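Trainee: Got a minute to go through this one with me? I'd like to start with the sheet.

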Amino acid sequence: MTFIFIGIVLLALTLVGWKMIKGSSTYRPAKSAVDFYSLSSKTLDGEDYSFAQLKGKKVLIVNTASACGFTPQYKGLQKLHEQYGENLVILGFPCNDFGKQERGNHEEIGEFCQKNYGVSFNMMEKVSIKGSNPHPVYKWLMNKSENGVSDHSIRWNFHKFIIDGSGYLVGSFKSGVEPTDNQIISFASEK
């Protein structure tokens, strides 16, 4: 009887963990209180990057880390960039909020991404997501009051969001969803 109980508990924990890392949500485009194109960031090189230049383009935003079990997703993100870069802009945001897995400075992060994964998509400045003062891009992504569709709780590195060519948030993909998942590929390949 004890083994059955332990088995049920382990199964429940596995299912909860699976949902935590493998879930995805898609949305119909909805008007947002804060215009996506009004946002901006700095690149990993410290240059200003206005989201106004993304008008008419599809965007994938992902929080990244160099020492995470999901770090090999850089390879899939780079592949996505190489195959669909004309239709999809990828913005990687290094973040040290989850497991302290991105301790490097901007130069170290850039070197790691290039050396280990050949990253040539846009890498932005290292940001904070958790706490009372998240980066404005992540404040928009996580709050329905700003993005118009849903509140999001980012639980780990490599959570992915997709924004359509009109600046509407249309998808959220948890860490365990690969960048080459069919839903993301379909979004990237649509004309």
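**Strands, a helix and two cores**

Mentor: Sure, and keep in mind this is a predicted model. Strand β4 (residues 58–64) pairs with strand β7 (residues 160–163) in the antiparallel sense, over four bridges.

Trainee: Which residue in β7 is the bridge partner of Val 59?

Mentor: That's Ile 163.

Trainee: And what's the strand order in the whole open sheet?

Mentor: The six strands run β1-β8-β7-β4-β5-β6, with mixed pairing. β1 (24–26) and β6 (122–123) each have a single partner strand, so one side of each has no neighbour in the sheet.

Trainee: Okay, helices now. Which strands does α6 touch?

Mentor: Helix α6 (residues 182–189) packs on the sheet and touches β1, β4, β5 (88–94), β7 and β8 (169–173). The direction of α6 makes about 140 degrees with that of β4.

Trainee: Which residues of α6 are buried?

Mentor: Ile 184, Ile 185, Phe 187 and Ala 188. These four cover an arc of only 160 degrees around the axis, so they sit on the same side of α6.

Trainee: What's going on at the start of α6?

Mentor: There, a side-chain oxygen of Asp 181 comes to within 2.9 Å of the backbone nitrogen of Gln 183.

Trainee: Switching topic: which residues touch the most other members of the largest nonpolar core?

Mentor: Phe 36, Phe 51, Ile 61, Leu 91 and Tyr 138, out of 27 residues. The largest share of this core comes from α4, with five residues.

Trainee: What other core lies apart from it?

Mentor: One of 23 residues, including Val 62, Ile 90, Phe 121 and Met 123.

Terms used
Residues are numbered from 1 along each chain as its sequence is written. This is a predicted model: local features need pLDDT of at least 70, side-chain atom pairs count only at pLDDT 80 or more; totals for chains, interfaces and linings use all residues. Side-chain values use heavy atoms; hydrogens and water are left out. Two strands pair if DSSP finds at least two bridges between them. Contact means heavy atoms within 4.5 Å. Axes are lines fitted to C-alpha atoms, for helices over the stretch in contact, and angles run from 0 to 180 degrees between N-to-C directions. Buried means under 20% relative accessible area, exposed over 50%, partly exposed in between (1.4 Å probe, protein chains only). The arc is that of the directions from the helix axis to the C-beta atoms. A polar contact is a pair of N or O atoms within 3.5 Å; within protein, one must be able to donate a hydrogen and the other to accept it, and residues adjacent in sequence count only if both atoms are side-chain atoms. A nonpolar core is a set of buried Ala, Val, Leu, Ile, Met, Phe, Trp, Tyr and Cys residues joined through side-chain atoms within 4.5 Å.
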